[in-house]
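Hi everyone, thanks for coming. I'd like to walk you through a model, and please stop me whenever something is unclear.

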Amino acid sequence: ATGTGNTGWAAGPEADTGWRKIGGGDLVNGWAANASNFYLRRIGSQVSLLIYADGTSASASTFYTLPASFRPNIVHVGAGVAGSKQALLEVQSGGTCLLYFYDTSTFYTASTWFTDNAWPSSLPGSAA
């Protein structure tokens, strides 16, 4: 971007948050990150999520709300695996993350989407 000193700057397309490990305590509605496997990353405008979730005690499909800087421009839907069946990940533009699956309690997925939101001023979770 343009600017001098410490103003007018913006993260470029090569900017990388690195993989951020999201703690199980950040999940809601009884969801757990199975074996602490929940990672989030942003490179430029591309966001990636890796999750192995345990919904044994889940009371609703919503398991996490993304920080604003990681939210998709439009609703993002991705496929995943739940046991021997397919499952569905829905990431809403407001940041709500939902998992839908049948006859099982765990879910695996890797998903990627784009965002136009500003670069984060602080990062979620901890460095992986």
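Before I point at anything, one term: strands here are DSSP runs of E with at least two residues, numbered from the N terminus. And please keep in mind that what you see is a predicted model.

So, what does the protein chain contain? There are 9 strands and 0 helices, and reading from the N terminus the elements go β-β-β-β-β-β-β-β-β. The chain has 128 residues, and 36% of them are buried. If we take contacts with a separation of 6 or more, 62% come from residues that are 24 or more positions apart. The accessible surface is about 6700 Å², and carbon and sulfur atoms hold 51% of that.

Let's move to the aromatic residues. How many aromatic pairs does the structure hold? There are 3 of them. Take W31 and F63: their ring centres are 5.9 Å apart and the planes meet at 55 degrees, so this pair is tilted. W31 sits in the loop between strand 1 (20-21) and strand 2 (32-43), while F63 belongs to strand 4, so the pair ties together parts of the chain 32 residues apart in sequence. Are these two residues buried or exposed? Both W31 and F63 are buried.

F63 has another partner. With F38 the ring centres are 6.0 Å apart and the planes are again at 55 degrees, so that pair is tilted too. Here the link runs from F38 in strand 2 to F63 in strand 4, with their positions 25 residues apart. F38 has a relative accessibility of 0%, so we count F38 as buried, and F63 is likewise at 0%. Put the ring pairs together and you get a cluster of W31, F38, F63 and Y64.

Now follow the chain out of strand 4 with me. Between strand 4 (62-65) and strand 5 (76-82) there is a loop, and S69 is in it. Why do we call S69 buried? Its relative accessibility is 11%, and the cut-off for buried is under 20%. Leaving out residues up to four places away in sequence, S69 touches R42, T115, N117, A118, W119 and P120. There is a polar detail here as well: a polar atom of the S69 side chain lies 2.8 Å from the backbone oxygen of A118.

N73 lies in the loop between strand 4 and strand 5 too. What about its exposure? N73 has a relative accessible area of 36%, so it is partly exposed, a label that covers values between 20% and 50%. Setting aside neighbours within four places, N73 is in contact with S93, F114, T115 and D116. For D116 we can be specific, since its backbone nitrogen is 2.6 Å from a polar atom of the N73 side chain. You can also look across to G94: its C-alpha atom is 8.9 Å from that of N73, and the two residues are 21 apart along the chain. Notice that T115 turns up on both contact lists, for S69 and for N73.

One last stop, on the surface. Which residues make the nonpolar patch of about 230 Å²? They are V75, V77 and L88, and of these V77 is found in strand 5.

That's my tour, and I'm happy to go back to any part of it. Thanks for listening!

Technical notes: Residues numbered from 1 in each chain as written. Predicted model: local features only at pLDDT ≥ 70, side-chain atom pairs only at ≥ 80, totals over all residues. Heavy atoms only, no water. Helix = DSSP H or I, 4+ residues; strand = E, 2+ residues; numbered from the N terminus. Buried < 20%, exposed > 50% of the residue type's maximum accessible area, 1.4 Å probe, protein only. Polar contact = N/O pair within 3.5 Å; in protein donor to acceptor, adjacent residues only side chain to side chain. Contact = heavy atoms within 4.5 Å. Patch = residues over 30% accessible without salt bridge, like charges linked within 9 Å, V, L, I, M, F, W, Y side chains within 5 Å. Areas by Shrake-Rupley, 256 points an atom, 1.4 Å probe, with all protein chains shown as cover. Salt bridge = Lys/Arg side-chain N within 4 Å of Asp/Glu carboxyl O. Phe/Tyr/Trp six-rings, centres within 6.5 Å; stacked < 30°, edge-to-face > 60°.
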